Amino acid sequence: MEHIVIIGNGISGVTAARHIRKGSDKKITIVSAETDYFFSRTALMYVYMGHMKFEHTQPYENWFWKKNRIDLKKGYVKSMDTTSKTLHFAGGDSLQYDTLIIATGSKPNKFGWPGQDLDGVMGMYHKQDLDNLEKHAPNNKVCKRAVVVGGGLIGIELVEMLHSRNIPVTFLVREDSFWDIVLPKGESEIINKEIRDNHIDLRLGVNLKEIKSDANGKVSSIIIAETGEEIPCDVVGLTAGVSPNIDFIKDTPVETGRGVKVNRYLETNIPDVYAIGDCAEQHEPIGQRRSIEAVWYTGRMMGETVAQTICGNKTEYKPGHWFNSAKFIDIEYQTYGWVWAQKRDGESSFYWEHEGGKKCIHINYDTSSNTFLGINTLGIRMRHEFFDRILNEKRSVDYVIAHLADANFDPEFYKLHEKEIAAKFNQENNTNIQLKKKSWKRIFQNS
Ligand SMILES: Cc1cc2nc3c(=O)[nH]c(=O)nc-3n(C[C@H](O)[C@H](O)[C@H](O)COP(=O)(O)OP(=O)(O)OC[C@H]3O[C@@H](n4cnc5c(N)ncnc54)[C@H](O)[C@@H]3O)c2cc1C
């Protein structure tokens, strides 16, 4: 019987396994060095914050795998031979495959900072990082101050985690404003304020120079490159982005760039070897998407897609319109379509911010045709299916403003903000768009 081996028990590998099982009787083995069972990486922060136990991050009961004839092997793949189709483990044993799916995810970036491997210095990616954080930062007596280096999505999560235990945090961000390589100025400034409102010591436009240790090899302070300032601390979180976790593949014939190179069918250059999830790099980016996308839902989609192909129904990976969501301390962020940090040629934008400074809407549209291109929202939840449809139908920005009632998720929104937003748009654009009532179809569907 054909043996499918999947390296990685994250969302992409596990989704592939589940769908291959649905579509076939093939033998399936999932390998992971991290944990016995699949867990939701996006929920790791809530374990530290005490909202749930680690077991609750595991979407499937432990019996699920045996019942579905999915073998689990704990072990670290050290090397592989694609000619004899063999994986070699750090423990000395090996495993044969007929078809291999590489789903090894990401690892935190380290840039060769002096002291980056000291005790008390950690990323926030793997379960082991969480255990490490629990050990070094159980409370503010053991950890009097933490320094988090790198202002992206994981960085702000780690800041929030530490803050939830009243541990003072210094947050070093290289950019001049939080995540301003992705967020436009308005959104980025709202988040700067949110961070500072939570009494986080946010330092913008600075880099880490080095991490210093005490006599026992444990972190004792960091030095800021620009100012030479020394900040005493007990924990340093390195959250300056992630990159594909593929070191053991680099000296195999499987083509790699930053990630494992794949075509639209998620095939590598080696027959019977596929790559999915965070570790896969598209030869050609799809539309305006990045060639590597380290997000949860694309990992799931790739897992579903590769399973179709492996079960005989060759299927192209088509991720559809870009969307993403996150939470910046207490402010929810959503994005649909494309709103760039810097407006591009031929694009116009409309920005509305609530006077409280914690909510905004930022719509991007084509200047000549008025076609809606994308939206960012902070503090306001929008409907995914609405924007998916709008982008498919290439609707205008006027349509979106008129249909805000259908676009938003929050029943209070109409009462609170819709009129103000439409009035601002009309005033700035010399238009007279009238707000439409919530469509009956939608009300009916939701009742
Ligand atoms: C703290 C945090 C919060 C996040 N929040 C969000 C969010 O809100 N929304 C969102 O879209 N995304 C979020 N992400 C990103 C998201 O979690 C990832 O995109 C997703 O988990 C990637 O899934 P994957 O299956 O590709 O890889 P992974 O989940 O990384 O799984 C890969 C597995 O392979 C194992 N492995 C690697 N190499 C080997 C080897 N050689 N031998 C054996 N095993 C190996 C790894 O240990 C790991 O268990 C977050 C990530 C983190 C770290």
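**Chat: a sheet and a ligand site**

Colleague: What order do the 3 strands of the open sheet take?

Modeller: The order is β13-β14-β15, and the pairing is antiparallel. Strands here are DSSP runs of E with at least two residues, numbered from the N terminus. Two strands pair if DSSP finds at least two bridges between them.

Colleague: Which are the edge strands?

Modeller: β13 (208-213) and β15 (230-232); each pairs on one side only.

Colleague: Is this a predicted model, and what are the ground rules?

Modeller: The model is predicted: local features need pLDDT of at least 70, side-chain atom pairs count only at pLDDT 80 or more, and totals for chains, interfaces and linings use all residues. Residues are numbered from 1 along each chain as its sequence is written, and side-chain values use heavy atoms, with hydrogens and water left out.

Colleague: How many bridges join β13 to β14?

Modeller: 5 bridges, with β14 covering residues 219-224. I211 stands opposite I222 in β14.

Colleague: Switching to the ligand. How many residues surround it?

Modeller: 30 residues surround the ligand, each with a heavy atom within 4 Å of it. The closest are S12, E34, V77, Y125 and D278.

Colleague: Which atom of E34 lies 2.5 Å from a ligand oxygen?

Modeller: A polar side-chain atom. A polar contact with the ligand is a pair of N or O atoms within 3.5 Å. W296 has a backbone N or O atom 2.9 Å from a ligand oxygen.

Colleague: How much of the ligand does the protein bury?

Modeller: 92% of the 1000 Å² that the ligand exposes taken alone, by the Shrake-Rupley method with a 1.4 Å probe.

Technical notes: Helix = DSSP H or I, 4+ residues; strand = E, 2+ residues; numbered from the N terminus. Polar contact = N/O pair within 3.5 Å; in protein donor to acceptor, adjacent residues only side chain to side chain.
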